[in-house]
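Me: I should like to learn how to read pockets, helices, salt bridges and backbone angles in a structural model. Please take one structure as the example.

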Amino acid sequence: MFTTRPELTGTFGMVASTHWLASGVGMRVLEAGGNAFDAAVAAGFVVSVVEPHLCGPGGDAPIIGHRASDGHTFVVCGQGTAPAGATIDAYRDLGLDLVPGTGHLAAVVPGAFGAWLDLLARYGTMTLEDVLAPAAGYARDGFPLLPTAARTVETVRDLFAEHWPTSAAVYLPGGALPGAGARFRNPSLADTFDRIVAEARSAGPDREAQIEAGRRAFYEGFVAEAVDAFVTGTPVRDSSGRAHTGFLTASDLAAWRPTEEPTTTLRFAGRTVHKTAAWGQGPVLLQQLAMLDALDVGPLVRAASGEAAPSGAVTELVHTVVEVAKLAFADREAWYGDAPDVPLGTLLSTAYAADRARLVGPDAADGLRPGRPDGRDPVLSHVLQRIERPAAVAGVGEPTVSTSGVTTGDTCHVDVVDRWGNRVSATPSGGWLQSSPIVPGLGFPLPTRAQMFWLTPGLPGSLAPGRRPRTTLSPGLVLDDDGTGFAFGTPGGDQQDQWTVPFLLRHLLGGLDLQAAIDAPSWHSSHVPESFYPRTHVARGLVAESRLGAEVLAALADRGHAVQDAGPWSLGRISAAGVRADGFLVAAANPRGMQGYAVGR
């Protein structure tokens with residue numbers, strides 16, 4: 001079967017990511033004797049520099065890791081929490097019924113930096129200086145600016161010039177737009193990294209003491225002080241159309257720590273699939289797999305896989321997967337959040353999945369249909385009942401960015417496997433250049449994930465001080481009982497746990513290798529409500545790559561789907577890296593967007 005590039009195989013190490021520079025840096029770390037955890041941290045810091053419209057050092061970073069020596073599999077939660085002053089009443093007093101998608105009011109504690117340092121301290125072998133040096137070098141000496149980043153800056157040029165001067169100083173040097181592919185520098189960010197490294201060195205020769213000193217510089221030192229002064233002291237224009245200060249303070253940063261947690265798991269196709277808990281949307285992938293298992297889709301997947309698959313089988317597979325997604329994501333809206341009473345055990349149970357799967361019919365269903373786990377009645381925000389958008393503006397692939405900086409979600413991804421079999425799947429995101437103004441003197445903006453909270457009281461995803469927003473960031477890991485298996489993931493906001501479904505089905509059930517499963521045409525439901533401001537959706541919307549075939553798209557429309565042709569190569573930016581059953585290390589990366597790359601030997 002033709003693929004755009006080979007599935008890489010080797011014995012030493014593999015790195016796959018959304019940017020070739022990050023993959024190269026991760027491989028350099030492995031070559032220097034580092035392990036998968038060291039390499040993931042270095043690559044993660046690099047994407048925060050070279051993909052600034054998708055990720056930043058002040059963003060968020062859920063991470064799933066697997067230590068091969070003892071089979072320990074874990075989540076490092078780098079999703080920051082809502083500030084102490086961020087209450088529903090505080091936003092309502094400002095006349096808001098949604099948290100704006102941009103600016104200070106959307107800011108939560110930056111979690112990515114702390115999560116990377118926690119992973120490095122617990123599982124890595126290198127110093128903070130070792131893993132920060134490549135990112136600092138790109139910030140100081142420059143990197144080729146991605147065309148998508150250049151277009152993003154052009155989109156928000158007026159916002160920067162008129163309202164966000166700190167961002168204009170970095171991204172509109174001399175008032176000029178940076179060109180696609182031009183050498184772009186961010187010396188303020190390089191200075192921040194260098195200062196953190198200097199403070200780490202001052203802690204003495206002990207590696208872990210240095211990492212802790214770097215953490216303190218960020219969360220209790222000069223970074224936290226600069227964040228506090230800017231957010232609380234300088235009103236900035238946000239997507240509400242008005243200027244506001246925010247609630248995030250130095251005390252919020254000092255009080256926060258990343259947490260290590262167990263993964264949430266499901267058995268599927270004889271393997272164990274690992275995701276985060278319901279403070280992220282990860283379990284929604286598991287729910288979909290459980291329902292598809294109840295529907296016994298294996299024969300259908302095998303019939304629909306390959307270059308000469310019958311159009312009828314492909315149509316039935318896409319329809320089934322989309323209808324299952326709509327049911328799972330309805331449960332996400334009703335039941336997920338950083339709350340103590342999420343009925344996750346029931347949502348992932350075989351009986352519940354079978355009950356939900358019976359709702360899949362021959363035609364596209366309308367409305368949101370959350371289930372009743374444990375007999376509980378679902379409650380949805382009133383906002384979901386009144387917002388719709390025309391299908392013509394559905395986002396595909398790259399982030400949809402408005403002139404106000406509102407972004408419907410995209411991010412970066414890194415997968416690593418080393419010669420010892422350690423694996424990491426990480427989805428760093430947030431701190432987008434278009435969504436929050438750069439903090440003076442630091443060279444990076446803040447995360448805006450508070451927009452994912454509801455200002456409706458009493459929901460699992462309702463805003464509360466110290467609560468994590470129900471993030472879309474969703475790294476993943478598939479493990480066989482013998483410890484083989486792969487890390488995987490994709491950028492894409494709400495689509496992350498949709499694009500990976502056909503990938504997993506084709507690989508685990510259809511027999512395609514990782515690269516073929518990534519290359520195969522994809523799709524997603526836009527009927528699913530977006531997690532991003534202003535929380536829109538398309539009734540019965542289905543976005544599909546044209547490579548599925550005109551006959552398939554027409555048949556899906558006949559079943560009632562509001563089909564949007566996204567073009568031939570636009571949906572998903574999946575990468576994967578792992579250990580194959582024969583002991584070879586493997587990796588694959590997405591060709592869409594022409595920037596993701598896998599390297600290894």
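Reply: The turns that follow take up these topics one after another.

Me: What kind of model is this, and how are residues numbered?

Reply: This is a predicted model, in which local features need pLDDT of at least 70, side-chain atom pairs count only at pLDDT 80 or more, and totals for chains, interfaces and linings use all residues. Residues are numbered from 1 along each chain as its sequence is written, and side-chain values use heavy atoms, with hydrogens and water left out.

Me: How is empty space found, and what is the volume of the largest pocket?

Reply: Rolling a probe the size of a water molecule over the atoms shows where empty space is left. On a 1 Å grid over the protein atoms alone, a pocket is an open set of points with protein on both sides within 12 Å along at least five of seven lines, a cavity is a set of points where a 1.4 Å probe fits but cannot get out, and lining residues have an atom within 4 Å of a point. Grid points are joined across faces, edges and corners, and a volume is the space filled by probe spheres set on the points. Here the largest pocket has a volume of about 390 Å³.

Me: Which residues lie nearest the centre of the largest pocket, and which helix gives the most to its lining?

Reply: Of the 24 lining residues, Met1, Gly306, Glu307, Pro521 and Arg547 lie nearest the centre of the largest pocket. Helices (H or I, at least four residues) and strands (E, at least two) are DSSP runs, numbered from the N terminus. Both α15 (311-335) and α19 (514-519) supply at least two residues of this lining, and α15 gives the most, with four residues. By class, the lining has 15 nonpolar, five polar and four charged residues; Ala, Val, Leu, Ile, Met, Phe, Trp, Tyr, Cys and Pro count as nonpolar, Asp, Glu, Lys and Arg as charged, and the others, Gly among them, as polar.

Me: What lines the second largest pocket?

Reply: The second largest pocket holds about 230 Å³ of space. Its lining comprises 16 residues, of which Arg271, Phe486, His507, Arg580 and Ala581 lie nearest the centre. Strand β15 (485-489) and helix α18 (496-509) each supply at least two residues of that lining, which divides into eight nonpolar, three polar and five charged residues.

Me: How many cavities of 30 Å³ or more are found in the whole structure?

Reply: The search finds five cavities of 30 Å³ or more. The second largest cavity contains about 90 Å³ of space and is lined by 15 residues, including Ser48, Pro52 and Tyr171. Its lining has ten nonpolar, five polar and no charged residues.

Me: How should a helix such as α2 be read: is it mostly buried or exposed?

Reply: Buried means under 20% relative accessible area, exposed over 50%, and partly exposed in between (1.4 Å probe, protein chains only). In α2, 15 of its 15 residues are buried. Helix α2 (residues 36-50) reaches 21 Å from its first C-alpha to its last, close to the 21 Å expected at 1.5 Å a residue; the expected span is 1.5 Å times one less than the number of residues. At the N-terminal end, Asn35 caps α2 with a side-chain oxygen 3.0 Å from the backbone nitrogen of Phe37.

Me: How many salt bridges does the structure hold, and which residue pairs with Glu316?

Reply: A salt bridge is a side-chain nitrogen of Lys or Arg within 4 Å of a carboxyl oxygen of Asp or Glu. The structure holds 32 salt bridges. Arg559 forms one with Glu316, the closest N and O atoms being 2.7 Å apart. Arg559 lies in the loop between α20 (550-558) and β18 (562-565) and Glu316 in helix α15, so the pair ties together parts that are 243 residues apart in sequence. Glu316 is partly exposed, at 30% relative accessibility.

Me: Where do Lys326 and Glu323 lie relative to one another?

Reply: Lys326 and Glu323 are three residues apart in helix α15, and therefore separated by about one helical turn. Their side chains meet in a salt bridge (2.8 Å, N to O). Lys326 is buried at 7% relative accessibility, and Glu323 is buried at 2%.

Me: What is the phi of Asp296, and where does the residue lie?

Reply: Most residues other than glycine have a negative phi. Asp296, however, has a positive phi, near 50°. Asp296 lies in the loop between α13 (283-294) and α14 (298-304) and is exposed, at 55% relative accessibility.

Note on methods. Polar contact = N/O pair within 3.5 Å; in protein donor to acceptor, adjacent residues only side chain to side chain.
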